[in-house]
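Colleague: I have a model in front of me and a few labels to check. Please walk me through the reasoning behind them.

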Amino acid sequence: SQSTTLNEVVNLSSINPNGIQTSKTDAYVFKPIREDDVYYYFIFDNKERTIEKSITRPYYKTARGFEELNTYRSVVANARLIFPYTIKGDKATLIPLKKLQSKYPKALEYFTSIKEILLDRKMSSYKNLETEWYRYGRSQNLTDCNVPIKIIAGNLSNGEKYAIDKQQIFVPAGGTAGYSLIIIPNDVSYNIYYVQALLNSLQAEWFSLVYGDFFRGNFISRGTRFNGKIPFYKIDFENSLEVAKHDDIVERQKKLISLGDRIA
C-alpha cells in the first residue's frame, strides 16, 4: 500500500528504451590508439584506420574492474562509436553519401573499404542498401542515449548495475545481455537519483530475483521486461516530511557516487 512501481511513475515508453544495434559492433566501436585535434586513429581488420572525431560518439563497452558499470560510480565512456546519423529532436537521420564525401571523407573511405563486410549483415528490411550500406542494422533507439541524464541498467547482472550517465553515452542493445535505459520525464517529481537508489536496494534486488531469469554465477536477467515491475516507496509530494525523505535519499546517493569516484 506504500509502494508504487517504475511503470506507474515514468510510464512504459520511458522504461523500455534499449541501447543501439549496429549488427556489426566491431566495425563501429573502437578504442583509439591515438588522436589529434581532428581525427581518431584505430585498428580494424589488422589495418590502421582514420575517422573524423565529429562523426563519433562516446560509448560504453562492457568491461570489468573499475570500468565496470556500477551504481556507486559515474559511468565513463571507454570507447568511441562511429555514428553516421544526425539527431534533431527525437529523430535520427542517416547522413547521405554526398555529405559524407564533403564533410567526413575519412569516414566514407573507411565505410567503402569495409562495404562487403557491412553488406553481409542481415538487413533485409532496408531498401537502398547499395547507397546506404553503412547504416546500422536497426534504426530503433538511435536517439534514446542522446538525453541529458539517464540510468543505464545492465540487463544481466548481479547487483549494483544502475549507473547514471550525464555524458550522452551510447550503449549496446540486448534482451538478456546488453543494456536498457531508464529516462525520467521532466514532468515527473521523482528525482533520478531517488529512483536509482531504490532500484539498487536489497528489496528491489529481491524482486529482480523473483521477476527476472536466473543464470549461473548468481546473475539475474532483469532488463526492460522486469525493471518496470519493481516496487519502491511512494512519495507524497504534498507532504513536506515525505519530500524531505525523498531529498535526503537523493543527497545520500549523490554523496555515495562522489565517494565511489574518489575510490576509483
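Modeller: What follows takes some labels one by one and sets each value against its cut-off. Keep in mind that this is a predicted model.

Colleague: Start with Ala-163. Why is Ala-163 called buried?

Modeller: Buried means under 20% relative accessible area. Ala-163 has 0% relative accessibility, so Ala-163 counts as buried. Ala-163 is found in strand β12, residues 162–165.

Colleague: Which residues does Ala-163 touch, leaving out those up to four places away in sequence?

Modeller: Leu-69, Asn-70, Arg-73, Val-75, Lys-150, Ile-151, Ile-152 and Gln-196. A contact here means heavy atoms within 4.5 Å.

Colleague: How far apart are Ala-163 and Ile-257 in sequence and in space?

Modeller: They are 94 residues apart in sequence. In space, C-alpha to C-alpha, the distance is 9.4 Å.

Colleague: Now the charged pairs. What makes Arg-34 and Glu-48 a salt bridge?

Modeller: The rule asks for a side-chain nitrogen of Lys or Arg within 4 Å of a carboxyl oxygen of Asp or Glu. In Arg-34 and Glu-48 the closest N and O atoms are 2.8 Å apart, and the pair forms a salt bridge.

Colleague: Why say that this pair ties together parts 14 residues apart in sequence?

Modeller: Because Arg-34 lies in strand β3 (residues 34–35) and Glu-48 in strand β5 (residues 47–52).

Colleague: Are Arg-34 and Glu-48 buried or exposed?

Modeller: Neither label fits. Partly exposed covers what falls between under 20% and over 50%. Arg-34, at 42%, counts as partly exposed. Glu-48, at 44%, counts as partly exposed too.

Colleague: How do you know that Glu-242 and Lys-245 meet in a salt bridge?

Modeller: Their N to O distance is 3.2 Å, and the cut-off is 4 Å. Both lie in helix α10 (residues 240–263), three residues apart, about one turn of the helix.

Colleague: What labels do these two residues get for accessibility?

Modeller: Glu-242 has 11%, so Glu-242 counts as buried. Lys-245 has 43%, so Lys-245 counts as partly exposed.

Colleague: What about Asp-248 and Arg-252?

Modeller: Their closest N and O atoms are 2.7 Å apart, in a salt bridge. They also lie in helix α10, four residues apart, about one turn of the helix.

Colleague: Why is Arg-252 called exposed?

Modeller: Exposed means over 50%. Arg-252 has 54%, so Arg-252 counts as exposed. Asp-248, at 36%, counts as partly exposed.

Colleague: How many salt bridges does the rule give?

Modeller: The count comes to 10 salt bridges.

Technical notes
Residues numbered from 1 in each chain as written. Predicted model: local features only at pLDDT ≥ 70, side-chain atom pairs only at ≥ 80, totals over all residues. Heavy atoms only, no water. Helix = DSSP H or I, 4+ residues; strand = E, 2+ residues; numbered from the N terminus. Buried < 20%, exposed > 50% of the residue type's maximum accessible area, 1.4 Å probe, protein only.
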